[in-house]
Structure formats: C-alpha cells, structure tokens
Amino acid sequence: MRLRTGGRGRSDEAFRDVPLRDNWYQASSYWPSSFALVTTVDEHGETNVAPYQLSFPFEVIGGRSLLLISRQGSNTERNIKRTGVCSLNYVEFDRRALKKIVSLGYPGQSTAEKSGDNPYTLVSSPTSGREADGHRFPHLLGEAFQVYECSWDVDQPVRDDGATPEYFVLRIEHVLLKERWARNLGDEATAMPRMPITFGFRGGTQFWFAELRKPFMLRTPTDKGPKEEAILYEANRIDPDVAFTREACQQLTGIPRPFVKVALRGIITKAKERGVSVVDVEFVELVNAERQRSGSA
Ligand SMILES: Cc1cc2nc3c(=O)[nH]c(=O)nc-3n(C[C@H](O)[C@H](O)[C@H](O)COP(=O)(O)O)c2cc1C
C-alpha cells in the first residue's frame, strides 16, 4: 500500500496535547529511525536474529557505547544477560526482506521457530576471538554493510526493576564495515548506505517503514562560529595518539584552507618524534619558530 507523506508544517494549524502512552515514541508521536538486527547466541548455541529500533549511540566521545532497549523476556535480553555479548547488524533496504524482518520481530517465538524467517546468511565474525563458537559469540549477517560487535557493560546499569524494559549499555568493541563503506568514511564521502527506516509498531496491527530517498549533503557554513572549530575537528581525528587543544588550533586559523591538513600532519609528525601527545600553543609556536629558522637558513 502506497500512502501519502506529510507536507510542510503550517504555522496556522493548532497544536494538540496528546495522551502520553507507554512506548510514547511510536504510540504518541512519530520517531523514524534506523534499526539493528541484533544477533545473539541462544541456550542451544544457535544464533538468534531480532530487529531493534531502540538502539542508539550513547557515549560518543571517550567512551564508545550504545543503548539498547528490549522488552523483558525477549530472546535477545536473555541471551545478552547469559553471554554478555551481541552484534548489531545493519542491512540496506530490501522490501522483501522487510517482511521477514517483521516476522523475526513477532514476540514469543523461540530461535528455532524463527530461523526459517531469516532472509540473511549467517557468517562467522572475522574478528579474532569473536568467531561464532556455538556458545557465546553469535554469527553476523553476511549481507550487512555494518556491524557493531558489542559487550554488555554491567558497570553501567540504567534500571533493572523488573517493571520496565531492559536498558542495556553496550560497549562497542569493533565496528566492522564492508570494504566500500570503509573507503567512503574519509572527508569526501561519495555515497551513503541505503538504510531502511522504521516508524515502529503503530495502531496495534501495523509496522511502518520508509525508504530512504537520495541522500544529499550540505556544506557547513564557513562564516559562522569560532574560526578554529573546523581545524579542531579535523586535527583531532587524524591520529588517536595526538590531541590538539583549542588554543593551538586558534593559532592555526591563518593557514589557507587547502593547506590545513598538510600543516596538521606536519605538526603531528613532529609531535610524535618528540613523544608529545598534546599539541598546545607552545608546541605550535615551537614548530613555527623551527620552520622559520630552517626557511631563513
Ligand atoms: C523493525 C522492528 C523494530 C523493533 N524494535 C524493537 C525495540 O527497539 N525494542 C523492543 O523491545 N522490541 C522491538 N521490536 C520487537 C522485537 O523485535 C520483538 O520483541 C521480538 O520478539 C524480539 O525478538 P527476540 O525475542 O528474538 O529478541 C521491533 C520489531 C521490529 C519489526
């Protein structure tokens, strides 16, 4: 069934305060997002595949984790609690596969009962030590373009009072990307994966999905905010062992844009030669002074 999409917001239409129901994000509102196919190992050693929309980045700087929310008693919940690990698989849009995904998301089925509905190929992880072992580590989905291999962070309980869903903080151990998407990660991405979007379970009988239209990009403004912001962003993603302070980046705002990366790399090389892990103003000035000396010599 093809249905209409919304239009532009009209400022003359009144707001209505609607009842806040359980699962408010889908019962009282609209919240489209990606979803993960979570693989875990069941008590018989079989890999269980289950869709979860409520899985999103949690700690993003320093820590690397995501939050997964599952109803109590799901296979996924029990398997994570027993094995301490899971993998989140992300697939590209395929309308026929979505029908199967809805079946995989129907509650109350065992892993064995669901296995016929899995449209994907189960493959072992390429990560050393996380190969599918029929015991703890699950298979991955061979067709996934991206997989997060996770472990349950038991030291960060959110709430486990028996009355709410399970809120799992999952530590991301590995991000696996298919070759093409790994290459595309750089500064000048040429594409985005065609991820299916879900609006969740609505009206008691329907699961809503959407197809991603053609992605597009907008350049960030160059005339707004502190000038060092873009340099700070770029500087701190070149080498994980060398961090730049904001003040150091302020010193570098005079460098013409096309030369910034080369200059940053040069500073990082010098920092590493000297065992410096934080580039501050003094270090930038030292490198500048040395460059001027060698230039004038
Ligand atoms: C697209 C989609 C997204 C879903 N997202 C969630 C979710 O975020 N949390 C949840 O508890 N159930 C979610 N469900 C329902 C679960 O998949 C369902 O509870 C299923 O029984 C879980 O499978 P399991 O018991 O094998 O873990 C979703 C279902 C679908 C089809």
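The questions below concern the fold of a predicted model and the surroundings of its ligand. Local features need pLDDT of at least 70 and side-chain atom pairs count only at pLDDT 80 or more, while totals for chains, interfaces and linings use all residues. Residues are numbered from 1 along each chain as its sequence is written.

Q: Is the chain a compact globule or more spread out?
A: The globule rule (2.2 Å times the number of residues to the power 0.38) gives 19 Å for 297 residues. The radius of gyration, taken over C-alpha atoms, is 24 Å, well over that value, so the chain is more spread out than a compact globule.

Q: How far apart do the C-alpha centres of domain 1 and domain 2 lie?
A: The bounds, from an automatic or database domain assignment, are 24-210 for domain 1 and 229-296 for domain 2. Their C-alpha centres are separated by 40 Å.

Q: Which element gives the largest share of the shell around the ligand?
A: A residue is near the ligand if its C-beta atom, placed from the backbone, lies within 6 Å of it. Of the 20 residues around the ligand, those that come nearest include Ala 50 and Asn 75. Strands are DSSP runs of E with at least two residues, numbered from the N terminus. The largest share, 4 residues, comes from strand 2.

Q: Is Asn 23 buried, exposed or partly exposed?
A: Asn 23 has a positive phi of about 55° although it is not a glycine. Buried means 20 or more other C-beta atoms, placed from the backbone, within 10 Å of the residue's own, exposed means 12 or fewer, and partly exposed is in between. Asn 23 has 13 such neighbours, so it counts as partly exposed.
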